[in-house]
Amino acid sequence: MSTAAIIPAAGLGLRLGGEAPKALREVGGESLLVHAVRGLSAATAAGLSCFVIAVPPGTEDAVGKLLGPYAGAADLRIVAGGAERADSVRAALELVPVDGIDCVLVHDAARSFVPVAVIERVVAAVRGGAPAVVPVIPVTDTIKRVGAHGEVLETPDRSALVAVQTPQGFDPELLRKAHAGNADGATDDAMLCERLGITVQTVEGSEDAFKVTRPRDLLLAEWILAERHQ
Ligand code: C5P
């Protein structure tokens, strides 16, 4: 049995700005997507046998050529993404082999620097019997829920809140069932499993698994890369 990794990389990255789609923006001379694929490949205990990457329509061939050298022995499949993240994941899921896969990871291309230990923790938890697993870190800000006019409605107890990262790991059959229904408003895949009444398990994430979203995040990414190469 082995693991398949879906990477939704079809977002345009409007908050980041620039010409290229976000996943193709470069840090240290290589695209975020290359960093993400290399990171997943380095997680040897995860036993990755297949990558399915959802990319902006029209870039399939170019991305396939770009990623070829980094997928190692794993099978590399490229698919056109959709309008929303969930559409991209669903399109990729259709290309995940049905046989021989006991864990499917869904990993944002924009979380390019997730440490190997986090990836392996997620896969180990799925293999240990958890049907849906997410890496998390504590929140450091006080979080408030606000109403339509900016008024504070409530302040949840911070000690019970976490920020959720990727890769998220799933039993393949559960993920297919989760994506078969309505994905409206879903910002991650675990949320679709919660809607099915599944208990999602958390494991320890990492600050390095932050999502490159705004221009300043590129500077942090450069810094992490430089630290790792020291
Ligand atoms: O927009 P956001 O930063 O939340 O996107 C998270 C991930 O989902 C990114 O890697 C992005 O490329 C991907 N995505 C996608 N298809 C979309 C929108 C986002 O694959 N339509």
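Colleague: How many residues line the second largest pocket, and which of them lie nearest its centre?

Modeller: The second largest pocket has 17 lining residues, and nearest its centre are Ile-137, Thr-140, Ala-163, Glu-207 and Phe-210. Two or more lining residues come from each of strand S7 (132-138), strand S10 (162-164) and helix H7 (215-228). Keep in mind that this is a predicted model.

Colleague: Which element gives the most to that lining?

Modeller: Helix H7 does, with three residues in the lining of the second largest pocket.

Colleague: How do I read the chemistry and the volume of the second largest pocket?

Modeller: Sort the lining by residue class, then look at the space. The lining of the second largest pocket has nine nonpolar, two polar and six charged residues. The space in this pocket is about 410 Å³.

Colleague: What are the corresponding values for the largest pocket?

Modeller: The largest pocket holds about 1,000 Å³ of space. Its lining counts 43 residues, with Arg-15, Arg-85, Asp-108, Thr-187 and Lys-211 nearest the centre. Helix H3 (85-93) and helix H6 (189-195) are the elements that give two or more residues to this lining. H3 gives the most, with four residues. By class, the lining of the largest pocket divides into 20 nonpolar, 12 polar and 11 charged residues.

Colleague: Where does the ligand sit?

Modeller: A ligand is assigned to a pocket when more than half of its atoms lie within 2 Å of the pocket's grid points. Here the ligand sits in the largest pocket.

Colleague: Which residues are closest to the ligand?

Modeller: A residue is counted around the ligand if one of its heavy atoms lies within 4 Å. There are 15 such residues, and the closest are Pro-8, Ala-10, Gly-11, Lys-22 and Ser-88. This shell contains six nonpolar, three polar and six charged residues.

Colleague: Which polar atoms of Pro-8, Ala-10 and Lys-22 lie by an oxygen atom of the ligand: backbone or side-chain?

Modeller: Take each residue separately. For Pro-8, a polar backbone atom is 2.8 Å from an oxygen atom of the ligand. For Ala-10, a backbone N or O atom is 2.8 Å from a ligand oxygen. For Lys-22, a polar side-chain atom is 2.9 Å from an oxygen atom of the ligand. As to cover, the ligand on its own has 460 Å² of accessible area, and the protein covers 84% of it.

Colleague: Turning to the backbone, is the peptide bond from Thr-166 to Pro-167 cis or trans?

Modeller: Read the omega angle. For the bond from Thr-166 to Pro-167, omega is near 10°, and the bond is cis.

Colleague: Where does Pro-167 lie?

Modeller: Pro-167 is in the loop between S10 and strand S11 (168-170). S10 is one of the elements that give two or more residues to the lining of the second largest pocket.

Technical notes:
Residues are numbered from 1 along each chain as its sequence is written. This is a predicted model: local features need pLDDT of at least 70, side-chain atom pairs count only at pLDDT 80 or more; totals for chains, interfaces and linings use all residues. Side-chain values use heavy atoms; hydrogens and water are left out. A polar contact is a pair of N or O atoms within 3.5 Å; within protein, one must be able to donate a hydrogen and the other to accept it, and residues adjacent in sequence count only if both atoms are side-chain atoms. Accessible areas come from the Shrake-Rupley method with a 1.4 Å probe; for residues, only the protein chains shown count as cover. On a 1 Å grid over the protein atoms alone, a cavity is a set of points where a 1.4 Å probe fits but cannot get out, and a pocket is an open set with protein on both sides within 12 Å along at least five of seven lines; lining residues have an atom within 4 Å of a point. Ala, Val, Leu, Ile, Met, Phe, Trp, Tyr, Cys and Pro count as nonpolar, Asp, Glu, Lys and Arg as charged, and the others, Gly among them, as polar. Grid points are joined across faces, edges and corners, and a volume is the space filled by probe spheres set on the points.
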